[in-house]
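Dear colleague,

Please find below the structure that I am handing over to you. My account of what was found in it follows directly after.

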Amino acid sequence: MMNQQLETQVLIIGGGVTGTGLARDLALRGVGCLLVEKQDINAGASGGNHGLLHSGARYILSDPASARECRDEGSIIKRLAPQCVEETGGLFVAVEGDDQGYIADFADRCAQCGITTVAVDPKEALEMEPCVSPDTIAAFAVEDGSIDPFKLSLDNLAQAGTLGTAQLLHHKVVGFVKRAGHIETVLLTDLRNGSEVCVHADQIVNASGAWAGEVAAMAGALINMVYSQGSLIISQMRLGERVINRLRKAADADILVPAGTVSIFGTTSRRIDSPDQCRPTTAEIDAMLDDGMAMVPKLAETRFIRAYAGVRPLVRFGNGSDDRAVSRGFSLLDHELDGLDNFITITGGKLTTYRLMAEKTANLVCRRLGNSTACRTAEEPLPASSEARYTEPGFTPKMWFKKKDPSDLLLCECEMVPTSVFNEIAASLSTNGHRPGLREMGQRSRVGKGPCQGSFCSLRMAAHMYNEDLLQKGEGIDELKDFLNERWRGMQPLLWGPAVSQAELQEALHCGLLGLDVSETT
């Protein structure tokens, strides 16, 4: 196929929250950008996290600098992007056997980082959050919250788009053409049809998260990446109103985060050799639950509907084997030291500090471009976009009941997503040059995320796509396999109790009745 030739001021590699935040920051400064992503928005760590908007208290001992960054940036996000945040507040609770020294020093260490804490009587903590252990011996209230990372990225990208930023999803960087220390061309492959795209950019930013080392290596730069997998599980119902943290040094199984109508529990820290190997295991989930029940006994009788994992993109400087001891701060790498005058990497950090990461990166980019426009993202609100509103749990049921349109049929009954929402998302994807698919719908709405995990809605969506001429011939089979394989990845580690029955129903429906050979390929 003939190569497509594109030109832009700045090429951003990576469609996570850092890449989309950077696109918005640069667009507000009048810089033309093209964002490319090999999968879909938030396909990496930006979509594989617990959605915790940090007060910073979790890092007061291991990384005070990151604690202060989280404190400041969390406050900015609450003020400027309230549509993405639920200000739940948080509790740190200790149980019998937890480190008395850490408990005694907690409030003082928080104060040293400028983080507000309020001591709470254990009996009052149990009244505030009945799901915490009756054996709680100490508790502190903090200013944690929960955040919707998909809405955050989509809102950033939507505003960037209105200011001229272009985007290419499902396009993978496969090489760089260099001359005299300057990258002249970035080579992309469209993973949907195999066509090639050549991009000529004045500046190139590698914001590919855990894949930053691989992308940099193609350009001839070295980054010492550490791949730390964190696994999490989603409950069918919401277990608490606040974020609940274990009052101890950061470890596995010590965070419960409310996320709309469900709760997310985690996490773990397990070294893997490649970010492409990221997936939760049954043994990992079992160990996490066994430990977590000391803080939240109700976990023992909770139905979980999905497990998932993300890779923390950590950069190691020096030696050491404890991944939790590696800084959670971000790394902005100017590759002029590697002989490249127009290549930058931004990686590491936290979801909570994404805006600061984008600001620092944009400052460096603009200095190179000779653009003196100041950053505006710390003062200017992030507009709520229509593209992102359907990721919010509970939003579509309210909208559907209010609308009272009997012709607006529900495609997903668990999360009550109707055809009108599906059509709106499909139109938005098409407008931005993307082909609507079942997984793309799942990234931008709640379809497939309820208790049935796509068993019924996948078929309804595929049928609707045929009716709307979005699928032709045998394309629906491939869409169903791709969508259900992704759902199966999250169901497989949780196959006990009701989840087994649900999995057997899904297999009987799709494999037995319809003859689909659904086997994991990713």
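**Cavities**

The largest cavity is lined by R24, I76, I77, L80, A81, Y354, R355, T377, E380 and L382. Please note that this is a predicted model. The space in the largest cavity comes to about 70 Å³, and a search of the whole structure gives two cavities of 30 Å³ or more. Two elements, α2 and α8, each contribute at least two residues to the lining of the largest cavity. The largest share comes from α2, with three residues. Sorted by class, this lining holds six nonpolar, one polar and three charged residues.

The second largest cavity contains about 50 Å³ of space. Its lining is made up of R303, F304, I305, P451, Q453, M491, L494, A499 and Q502. Here β18 (304–315) and α14 (498–513) are the elements that give two or more residues. The classes in the lining of the second largest cavity are six nonpolar, two polar and one charged.

**The second largest pocket**

A volume of about 270 Å³ was computed for the second largest pocket. Its lining has 16 residues, and those closest to the centre of the pocket are L157, Q167, E387, S428 and N432. Two or more lining residues come from each of α5, β9 (166–169) and α10 (419–431). The lining of this pocket divides into seven nonpolar, seven polar and two charged residues.

**Helix α1**

R24, named above in the lining of the largest cavity, is also one of the buried residues of α1. Does the length of this helix agree or disagree with its number of residues? Helix α1 covers residues 17–28, and at 1.5 Å a residue its 12 residues should span 16 Å; the C-alpha atoms at its ends are 16 Å apart, so the two values agree.

Of the 12 residues of α1, 12 are buried, and the helix is therefore largely enclosed by the rest of the structure. Among them are V17, T18, L22, D25 and L28. The elements against which the buried residues of α1 pack are β1 (4–13), β2 (33–37), α5 (149–162), β12 (196–206), β20 (343–348) and α8 (354–369). Two of these have appeared already: α5 gives residues to the lining of the second largest pocket, and α8 gives residues to that of the largest cavity. Just after α1, G30 adopts a positive phi of about 80 degrees.

**Aromatic pairs**

How many aromatic pairs does a search of the whole structure find? The search returns six. In one pair, the ring centres of F92 and F106 are 5.0 Å apart and the planes stand at 40 degrees, so the pair is tilted, as an angle between 30 and 60 degrees requires. F92 belongs to strand β5 (residues 90–95) and F106 to helix α3 (residues 100–112), so this pair ties together parts that are 14 residues apart in sequence. Both F92 and F106 are buried.

F106 also pairs with F140: the ring centres are 5.2 Å apart and the planes are at 45 degrees, so this pair too is tilted. With F106 in helix α3 and F140 in strand β7 (residues 136–142), the pair ties together parts that are 34 residues apart in sequence. The relative accessible area of F106 is 0%, while F140 has a relative accessibility of 11% and counts as buried. F92, Y102, F106 and F140 together form one aromatic cluster.

**Two loop residues**

H54 is located in the loop between β3 (52–53) and α2 (64–80). Is H54 buried or exposed? Its relative accessible area is 3%, which is under the 20% cut-off, so H54 is buried. Neighbours within four places in sequence aside, the contacts of H54 are Y59, C70, G74, D144, K350 and T352.

G47 is located in the loop between β2 and β3. With a relative accessible area of 22%, G47 is partly exposed. Which residues does G47 touch, not counting those up to four places away in sequence? They are N42, F150 and Y308. In addition, the C-alpha atoms of G47 and P149 are 6.5 Å apart in space, although the two residues are 102 residues apart in sequence.

With kind regards

Technical notes:
Residues are numbered from 1 along each chain as its sequence is written. This is a predicted model: local features need pLDDT of at least 70, side-chain atom pairs count only at pLDDT 80 or more; totals for chains, interfaces and linings use all residues. Side-chain values use heavy atoms; hydrogens and water are left out. Helices (H or I, at least four residues) and strands (E, at least two) are DSSP runs, numbered from the N terminus. The expected span of a helix is 1.5 Å times one less than its number of residues. Buried means under 20% relative accessible area, exposed over 50%, partly exposed in between (1.4 Å probe, protein chains only). Contact means heavy atoms within 4.5 Å. On a 1 Å grid over the protein atoms alone, a cavity is a set of points where a 1.4 Å probe fits but cannot get out, and a pocket is an open set with protein on both sides within 12 Å along at least five of seven lines; lining residues have an atom within 4 Å of a point. Grid points are joined across faces, edges and corners, and a volume is the space filled by probe spheres set on the points. Ala, Val, Leu, Ile, Met, Phe, Trp, Tyr, Cys and Pro count as nonpolar, Asp, Glu, Lys and Arg as charged, and the others, Gly among them, as polar. Rings of Phe, Tyr and Trp (its six-membered ring) pair if their centres lie within 6.5 Å; planes under 30 degrees apart count as stacked, over 60 as edge-to-face and the rest as tilted.
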